[in-house]
Amino acid sequence: MLRWIRQQLGFDPPHQSETRTIYVANRFPQHGHYVPQRFADNRIISSKYTIWNFVPKNLFEQFRRIANFYFLIIFLVQLMIDTPTSPVTSGLPLFFVITVTAIKQGYEDWLRHKADNEVNGAPVFVVRSGSLVQTRSKNIRVGDIVRVAKDETFPVDLVLLSSDRPDGTCHITTASLDGETNLKTHYSVAETSVCQSVSQLEALQAVVECQQPDADLYRFVGRMTVTQQGEEIVRPLGPENLLLRGARLKNTKEIFGVAVYTGMESKMALNYKCKSQKRSAVEKSMNTFLIIYLGILLFEAILSTILKYAWQAEDEWDEPFYNQKTEQERNSSPILKFISDFLAFLVLYNFIIPISLYVTVEMQKFLGSFFIGWDLDLYHEESDQKAQVNTSDLNEELGQVEYVFTDKTGTLTENEMQFRECSINGTKYREVNGKLVPEGMTDDSPDGSTPHLIGEELLFLKAVSLCHTVHISYDQPDCLVGGGDPFSHANGFSSSHMEYYASSPDEKALVEAAKRIGVAFTGSNGDTMEIKTFGKSEKYKLLHLLEFDADRRRMSVILQTPSGGQVLFTKGAESAILPFTTSGEIEKTRLHIDEFALKGLRTLVVACRHFSPEEYIDVDRRLNAARTALQQREERLQEAFSYIERDLQLLGATGVEDKLQDKVQETIEALRLAGIKVWVLTGDKHETAVSVSLSCGHFHRTMNILELLQQRSDNECAEQLRRLARRIKEDHVIQHGLVVDGASLSLALREHEKLFMEVCKNVSAVLCCRMAPLQKAKVVRLLKTSPEKPITLAIGDGANDVSMIQEAHVGIGIMGKEGRQAVRNSDYAIARFKFLAKLLLVHGHFYYIRIATLVQYFFYKTLYDSVYLTLYNICFTSLPILVYSLFEQLVHPHVLQSKPGLYRDISKNSLLSFRTFLYWTLLGFCHAFIFFFGSYILMGEDTTLMGNGQILRANRQLMFGNWTFGTLVFTVMVITVTLKLALETHFWTWMHHFVTWGSIAFYFIFSLFYGGIIWPFLHTQDMYFVFVQLLSSGSAWFAIIIIVITCLFPDVVKKVMYRHLFPTSTQTSQSLSASQTQALSCVESLCCYQHGQSGCSRLARLLEHMTGQCKASANGCQASSCSNRSWSDTENFYSNDRSILTLSPIEASHC
């Protein structure tokens, strides 16, 4: 219990040792004074609060907001001193805001608790006391032997002991961890792989020594000591032996493993990362405006206090007959009296700070985010995936993007690889009808004849078929259970019942191509790999696998050939293999690789090395020594790999095509027209990347391509940057594109950031190739922190794009073939790159103009009885602006997509500039001036109104009562601010009419009830009968009409004049679209699938009916009469939601 408390408080001391010792099945030594190490339990905790700390922790977080803290101080001041308003005026709105936010955050955390309980309470099977026992996941302890069945996820990090396969291997997918969806093979040590029953496992005597928990998914160093017949056998353990929590077992009936890392010490839990809080430009502007208004408030309070003392300088006003001072007031300290008066004025004027602004903004963002998920335009039918919103805090940021950083593979391309060409021994080949045909020749051999391949060609195909980590899945995967022949399926194999799985799509494409040509990989059994060369079976023994890593950029296998010799096959990037080749057609192959890259093909180089018996003995010794080392294992392995992978014989190279996604070129062009610069960041070689950039429209054919490649030193890099800068200035008329590789980028970012940024900002497009994941994030950070502080967006589909996605202001994940890690770490997720156009140009545009007006309007509309002050922002004027901020559309969505240049009108936070803010602020002060003095001038001499009988005589003029005067001012204010918003509204639905006129009606109804009845729970009722008395006066109605018109008429004149004399491109587009169909909301796209099938969710349909945009019919969804659309099955039509850039014809649909 004490340890649990210390863990909760964060005081639990870290592990003292660098390694941990785990006794399999918790069979601790019986001799000596052994003290077991303490390990974490297996509970996963992703929640933020507990039932004990929710209230204090949540309150602390909420009062860190400056507005909440300010209103708390005001509330406390009202409680402590005599102020003009009741503490309720500050306390009730503050309580409402705090309560709503706490409920929202509490509900979200309750969902996290619920998810944690489901995970921690999941049933698992462990071996205890000689039997298989079912327990809950949270009860697993380090050292327990756990059984996992096919298609189940691993509940802890396990070292594989055995599987149902004779060789003790198993296949897993790690999509939930690193985004890879392909199968991976993991291995058990030979001494434990035979323990396939509970009794054998219970008798197993083994100890695992391994490193302490580490967040690196691909690093694991350990060793297992197995005691058999009194002899200790030591075996190395690496990442290939570790089954990570969250991974899923595939194509294996069951496995047994020993738990080594549990709960929050598992690698998956250690990779839980609190993403940095992203704040939008609008939120930053809002905080700036809030500080300005606080300054205005302090100025008003100080000025009023000074004027009060100036007024009381005369004796007759210092203590008038109607306000006699008490003895305590006469003797009080002048300083304390000044502070008390200052605080009283501070409280009186504090309502210019709109506390309800935060609640309205939160509601607008939360509700508005549903429109993205409901938009069928962003729905991908083939994969059945819709857009998803992971955070609603950045909706408006979609309308402010200035730079887009995109990955290439899987984002701009399909990540579907197809073998196209290869180079073997200096000769280029292409595949034609399943045959390798040399360049310049045609396939003229008769059908069914066996193609003749010479020795070099055959050796190249064998290397492709054997140097890989491909696995095979059959239609009946369980038929191997029980020790059957693992190669039985290979006899008469066909693609109908055998499918390849690989950790790389390139590998899969190459092995499939080799199979079509005639050299087929047919399976592996333990350390034996089998291929069929034109029907003839050959078996190779796998001696060593040299895994691929990002530093070496290659992978190798060491095999024993059927003749008994040892051979190394290796493949990888040309920069990682060609420098280590000593024989073969190196120069010809290098030229062919460049030709493949210019065609946009992904290239790999294949090589081999034959070992003499003495050489192999040395190689085997080095590898075993490195793999069993507990200290510096990675460094020693790298040394061994470098020693082995040299003196290579070049066999050839391959060219694999990755197709472009649909409408990529149109999308990039739309972004460019919108004023958004697109940077492509990829790990491919620069020839391939340039080719793809040209084909997708990122680079134009007429563009001057500048290069910053293969820079060796800082001085060389700086000189090249200066040359590029001079060239750009000299050729300022021509568009330029810049290509940078990873090595040169590192030099440029180290010493010459300003010079590099100067070059980048003066080119139209930038392509960064050979990029490491962290380099991608550095480039994004470089642009973010530049003096202009542009808004950046990063989009990618793989685990290597996560750092870039998290670094950018807005991160977008593509639901591609590389798993879901990019999607989980993103702010928004879409299925295809082409959807980015509508996400920014339409949704981003709408979100920004809505919230910009919302913020300005709240500061504009921000006197009187405490109940009215409390309800003013919460009830009387809140619904119209909320509905406006959800549904407003300045321009039809179709126009926004067909005219991307309209995006420029809202760039650089233009609607929340200081000039615009100043206009709204001065407008608010002018209207307040007109409210007060207009009411005073028009009603000051009206003696028919005696509010509560209070009559003030000044200069022999009669003025009606204070409460009646205040009610008139308040009434005019509610009507004016509501109608002001109506003037700003361009898109009207019945919901807008309901909340606009309904808010005014609610104010009148509430005032009649509040002032027309004596409420027993109110200790004073100064408003009794005031509102009824006000409305009974014809002059009061006349004053209301005159004052409202006086306030709004200049605004109308200004709008008309500016629209006709200085129209913006958006206003011009409004005029053009006005003659077309009435603008539809972005939820319009919810109404129609193809062939009239309804795509509306229940909530979406409800919203459509509420806004009057969708009327369900018996045959599906159809637009309302004001926006009726119909097309025939044969004619092309233009959907406002389906096109990306232009009004391109698409398939016929029924609406």
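At 30% relative accessibility, Arg219 counts as partly exposed, and that makes a good place to start our walk through this predicted model. The residue has a partner: Arg219 forms a salt bridge with Glu634, and the closest N and O atoms of the two are 2.9 Å apart. This pair links distant parts of the chain. Arg219 sits in the loop between strand 8 (206-211) and strand 9 (222-228), whereas Glu634 belongs to helix 20 (residues 633-644), with the two positions 415 residues apart in the numbering. Glu634 has a relative accessible area of 28%, so this residue too is partly exposed, since that class runs between the 20% limit for buried and the 50% limit for exposed.

Let us step back for a moment to see the setting. The protein has 1151 residues, and buried ones make up 52% of them. Its secondary structure comprises 39 helices and 39 strands. The accessible surface comes to about 52,500 Å², and carbon and sulfur atoms account for 57% of that area. A search of the whole structure finds 39 salt bridges, one of them being the pair of Arg219 and Glu634 that we have just visited.

A second salt bridge is worth a look. Here Glu657 pairs with Arg420, and the closest N and O atoms are 2.7 Å apart. Glu657 lies in strand 28 (residues 648-660) and Arg420 in strand 16 (residues 413-424), so this pair ties together parts of the chain that are 237 residues apart in sequence. How buried or exposed are the two partners, Glu657 and Arg420? Glu657 has a relative accessibility of 27%, and therefore counts as partly exposed. Arg420, at 35%, counts as partly exposed as well.

The next pair is found within one helix. The side chains of Arg723 and Glu719 meet in a salt bridge, with an N to O distance of 3.9 Å; the cut-off for a salt bridge is 4 Å, so the pair is counted. Arg723 and Glu719 are four residues apart in helix 23 (residues 714-730), which means that about one helical turn separates them. Arg723 is partly exposed, with a relative accessible area of 41%, and Glu719 is partly exposed at 33%. The pair also has company: a network of salt bridges links Glu719, Arg722, Arg723 and Arg726.

From salt bridges we can turn to helix packing. Helix 3 (residues 66-80) packs against helix 12 (residues 334-349) at an angle of about 125°, and their axes are 10 Å apart. Why are the two helices called oblique to each other? The angle of about 125° falls between the range of 65 to 115 degrees for roughly perpendicular and the limit of 145 degrees for roughly antiparallel, so the term is oblique. The crossing of helix 3 and helix 12 is left-handed. If you zoom in on the contact, you will find Tyr70, Ile74, Val77 and Gln78 on the helix 3 side, meeting Leu343, Leu346 and Val347 of helix 12.

Our last stop is Ser1065, in helix 38 (residues 1065-1074). Its relative accessible area is 33%, so Ser1065 is partly exposed. Which residues does Ser1065 touch, not counting those up to four places away in sequence? They are Leu902 and Asp905. Ser1065 and Asp905 are 160 residues apart in sequence, yet their C-alpha atoms are 7.4 Å apart in space.

Note on methods: Residues numbered from 1 in each chain as written. Predicted model: local features only at pLDDT ≥ 70, side-chain atom pairs only at ≥ 80, totals over all residues. Heavy atoms only, no water. Buried < 20%, exposed > 50% of the residue type's maximum accessible area, 1.4 Å probe, protein only. Areas by Shrake-Rupley, 256 points an atom, 1.4 Å probe, with all protein chains shown as cover. Axes fitted to C-alpha atoms, helices over the stretch in contact; angles between N-to-C directions. Left-handed = near helix turned anticlockwise from the far one by under 90°. Contact = heavy atoms within 4.5 Å.
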